[in-house]
Structure formats: structure tokens, C-alpha cells
Amino acid sequence: MSENYYLPRSGPMPRPSSVEEGKEVLKQEAFDAPNVQNITFRALEFTAVCPKTGQPDFGKVEISYTPRHKCIESKSMKFYLWSFRDHGAFCESLAAQIADDIVWAIEPASLKVTVYQTARGGIELTTEAHREYTE
């Protein structure tokens with residue numbers, strides 16, 4: 001059984017202790033979906049850490065999904081993405097992990113996660129992960 005994690009309704013947001021905590025907040029802060037066909041988040045200041053060098057990797061993340069029963073609350077998405085700030089992961093695995101965590105949290109009908117990593121050493125990297133709901 002997982003712990004209950006909730007964000008304060010007002011005031012400063014606490015710093016996430018782990019990606020797992022961020023994932024739990026996504027699920028617990030989700031709300032009933034209205035009649036909408038697509039929702040897109042664009043996080044323009046995404047940071048993770050290179051697992052080889054420990055240096056920060058900067059970029060942006062775009063998450064687009066079709067809800068089924070639940071939607072992600074935007075403050076919980078900010079908290080979740082912030083949880084990657086000290087998390088070591090390759091860009092390719094970030095797209096997959098974010099997609100899998102969102103599927104776990106809200107089971108959307110469809111989902112596309114794109115991670116755009118800012119150039120370092122003259123190389124930019126873009127990765128995508130797609131998920132479709134299957135029963």
C-alpha cells in the first residue's frame with residue numbers, strides 16, 4: 001500500500017523527495033475528466049541529471065494525452081517533473097518513464113511524451129514514448 005501524498009492547497013510547494021513521491025502525487029491529485037478530447041502540458045524548464053557524468057541535462061517536455069476517466073492536475077505535474085531535478089537518467093529512458101508513470105496514474109486512452117534535451121557537446125536529443133490504453 002502506498003503512502004498518501006498531497007500537495008498543499010496554498011503557499012509554497014514542498015520539494016519532492018523522489019520521483020516515486022512525484023508519481024504518487026500525480027495519481028492522488030488526479031480529478032474526474034470532463035468531456036475533453038486532448039490535454040497538452042509543455043514544461044519548458046525540465047532538468048534531470050546525466051547518469052554518467054552527474055551534470056545537469058536541461059530541456060523541455062511535452063505531454064499530450066486523451067483522458068478516459070481521470071485528468072492530471074497541473075500543480076501535481078509541476079511537482080512530478082520537479083522530482084527529476086536530481087534524478088539520474090538518460091533522455092531515452094525519461095520519455096518512457098514519464099509515459100509509464102502517467103499511464104499508472106490515470107490510464108489515459110492515449111498518450112505521447114516528448115523529451116527535448118538541450119544541446120550539449122553540439123548534440124541535441126529528442127525522444128518520444130507513445131502509449132495506448134488496452135483492456
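**Exercise 1. Placing Phe90**

In this predicted model, find where Phe90 lies, decide whether it is buried, exposed or in between, and list what it touches beyond its sequence neighbours.

*Solution.*
1. Start with the location: the loop between α2 and α3 holds Phe90.
2. Next, take the relative accessible area, which is 43% for Phe90. Buried requires under 20% and exposed over 50%, so Phe90 is partly exposed.
3. Now look for partners, leaving out residues up to four places away in sequence: Phe90 touches Pro51 and Lys52.
4. Finally, compare sequence and space for one of these pairs. Phe90 and Pro51 are 39 residues apart in sequence, yet their C-alpha atoms are 6.7 Å apart.

**Exercise 2. The two helices on either side of that loop**

Describe how α2 and α3 pack: which angle, which axis distance, which handedness and which residues?

*Solution.*
1. Two packed helices are described by the angle between their axes and the distance between the axes.
2. For helix α2 (residues 74-82) and helix α3 (residues 91-106), the angle is about 140° and the axes are 12 Å apart.
3. Angles over 145 degrees would count as roughly antiparallel; α2 and α3 are therefore oblique to each other.
4. Their crossing is right-handed.
5. On the α2 side, the contact is made by Met77, Tyr80 and Leu81; α3 contributes Gln97, Ile98, Asp101 and Ile102.
6. Sorting the residues of this contact by type gives 5 nonpolar, 1 polar and 1 charged.

**Exercise 3. The surroundings of α1**

Work out how many residues of helix α1 are buried, which ones they are, and what they pack against.

*Solution.*
1. Helix α1 covers residues 19-28, and 8 of its 10 residues are buried.
2. The buried set consists of Val19, Glu21, Gly22, Lys23, Glu24, Val25, Leu26 and Gln28.
3. With that count, α1 is largely enclosed by the rest of the structure.
4. The packing partners of these buried residues are α2 and α3, the pair from Exercise 2.

**Exercise 4. A serine in a strand**

Is Ser64 buried or exposed, and which side chain does its own side chain join in a polar contact?

*Solution.*
1. Ser64 sits in strand β3 (residues 56-66).
2. Its relative accessibility is 19%. The limit for buried is under 20%, so Ser64 counts as buried.
3. A polar contact of 3.1 Å links the Ser64 side chain to that of Asn38.
4. Setting aside residues up to four places away in sequence, Ser64 touches Asn38, Ile39, Thr40, Ser110, Leu111 and Lys112.

Terms used:
Residues numbered from 1 in each chain as written. Predicted model: local features only at pLDDT ≥ 70, side-chain atom pairs only at ≥ 80, totals over all residues. Heavy atoms only, no water. Axes fitted to C-alpha atoms, helices over the stretch in contact; angles between N-to-C directions. Helix = DSSP H or I, 4+ residues; strand = E, 2+ residues; numbered from the N terminus. Parallel < 35°, antiparallel > 145°, perpendicular 65-115°, else oblique. Left-handed = near helix turned anticlockwise from the far one by under 90°. Contact = heavy atoms within 4.5 Å. Nonpolar A, V, L, I, M, F, W, Y, C, P; charged D, E, K, R; others polar. Buried < 20%, exposed > 50% of the residue type's maximum accessible area, 1.4 Å probe, protein only. Polar contact = N/O pair within 3.5 Å; in protein donor to acceptor, adjacent residues only side chain to side chain.
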